[in-house]
Amino acid sequence: HVGRDGKEHYYSSKPPLFITMLAAEYYVIKSVFGINFEEHAFAVARLMLWLTNIPAMLVLLVLIVRFAEDYGESDFGRIFVVGSACSATFLTTFTISLNNHLPAAVSVIVCIYCLLQIWQQDEVHWLYYSLAGASAAFAAANELPALSFLALVGAGLLWLSPRKTLIAFAPAVLLVAAAFFLTNYIAHDSLRPPYAHRSPGDNWYDYPGSYWISAKQGVDKGEPSRLVYGFHVLIGHHGIFSLTPIWLLSLLGIGSWTIQREDLFKRAVAIGTLVLMLVCLIFYIALRPEQDRNYGGVTSGFRWMFWFIPLWLVTMIPAADWISENTRRRSFALILLGMSILSAQFAAGNPWSHPWIYQLQQYVGSLNH
């Protein structure tokens, strides 16, 4: 689209807040170490990965360990959940790439941890409300559908403590929102993100030689059938449950926590996770036009749901305890874990590649022809 100089330029469609934070990190690296992208591209990129993604994954894993220790009732179950977090999800796969999915997922687990502290403590420090607001808002700033998560968390805290929510939670949300819109305006001279500029007469994806208008290939063409798309999103070649079948245990755990009444926090997390899943799946499968039904493009999994991974890991805990009770259940769970590790590690060299099921399907199809 047209920039401030009156000329058309190519822009990233990613929300610019996190990118701006990475630019600040790069400025520090350049100033301290005297290296830049022009002359030391690989050194700078790897250093930024270490400084950004490794601490983010460490935060996520430490908090998952905390949840497993607090809510797990068996050693096998705790080890299974933490082992899944370490090596069986696509967050591990995407750790080798600077992307918006990992910070969104980390923000979600930080927010859930803050909610746990708010629920368990009689005299809650206001910092937990502020951190919950900032983390939930930052998740939405990186994954726009996570606005549903932000809205649900805000509604829950407003019911629990209106005063602290309005005084501590809301200002933190507004601060992140202001940063989101400010960086978007600086980048694009528009408060609306690039995704919102797709209408006739204001379509930033429509330009001479645009790949998105006339040259789309493979999954980028979009799936005409919503039924087929839903199948592959759930249990097909980009399937949430076919590529990472350990999430079947999370469904079992959601059911377990939903019906128990002793701990309202567990029940709230389970019901909230289920509601958010249904909302997002309906949004992606039933409400998106054909051009957007592309499985997230060329990528190793259905990346638009990656921010759910911390929620699925937490809700897996009761199911992991249940499977620990006998050998057959443990054996079945380990098979699911092995299949999930296969999917996560298959694309470990390049997360921006098709899943193994999709590639296998393509290979078998070429043999038939």
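## A helical chain, seen through a few of its residues

Asn53 lies in helix H2, which covers residues 41-71; helices here are DSSP runs of H or I with at least four residues, strands are runs of E with at least two, and both are numbered from the N terminus. The model is a predicted one, in which local features need pLDDT of at least 70 and side-chain atom pairs count only at pLDDT 80 or more, while totals for chains, interfaces and linings use all residues. Residues are numbered from 1 along each chain as its sequence is written, and side-chain values use heavy atoms, with hydrogens and water left out.

With a relative accessibility of 1%, Asn53 counts as buried, where buried means under 20% relative accessible area, exposed means over 50%, and partly exposed is in between, for a 1.4 Å probe and protein chains only. Once its neighbours within four places in sequence are set aside, Asn53 is in contact with Met48, Phe94, Thr95, Ile96, Ser97, Leu98, Asn99 and Leu102, a contact being heavy atoms within 4.5 Å.

Leu102 falls within helix H5 (residues 101-120), and H5 is mostly covered, since 18 of its 20 residues are buried. At 1.5 Å a residue, H5 should span 28 Å, and its end C-alpha atoms are 29 Å apart, which agrees; the expected span is 1.5 Å times one less than the number of residues.

The chain as a whole has 17 helices and two strands. A compact globule of 369 residues would have a radius of gyration near 21 Å, and the chain, with 21 Å, agrees with this; the radius is taken over C-alpha atoms, and the globule rule is 2.2 Å times the number of residues to the power 0.38. The C-alpha trace spans about 65 × 60 × 45 Å along its principal axes, and buried residues make up 50% of the 369. Of the contacts with a separation of 6 or more, 72% are between residues 24 or more positions apart.

Two residues in loops draw attention through their backbone angles. Most residues other than glycine have a negative phi. Asp189 nevertheless has a positive phi of about 55 degrees, and Tyr295 has one of about 65 degrees, although neither is a glycine. Their surroundings, together with those of Leu342, are set out below.

| Residue | Place | Relative accessible area |
|---|---|---|
| Asp189 | loop between helix H8 (162-188) and strand E1 (198-199) | 36%, partly exposed |
| Tyr295 | loop between helix H13 (264-287) and helix H14 (309-315) | 3%, buried |
| Leu342 | helix H16 (residues 327-346) | 42%, partly exposed |

Leaving aside neighbours within four places in sequence, the contacts of Tyr295 include Val219, Glu223, His232, His237, Phe302 and Trp304. The C-alpha atoms of Tyr295 and Arg267 are separated by 31 Å, with their positions 28 residues apart along the chain. For Leu342 and Ser87, which are 255 residues apart along the chain, the C-alpha atoms are separated by 9.3 Å.
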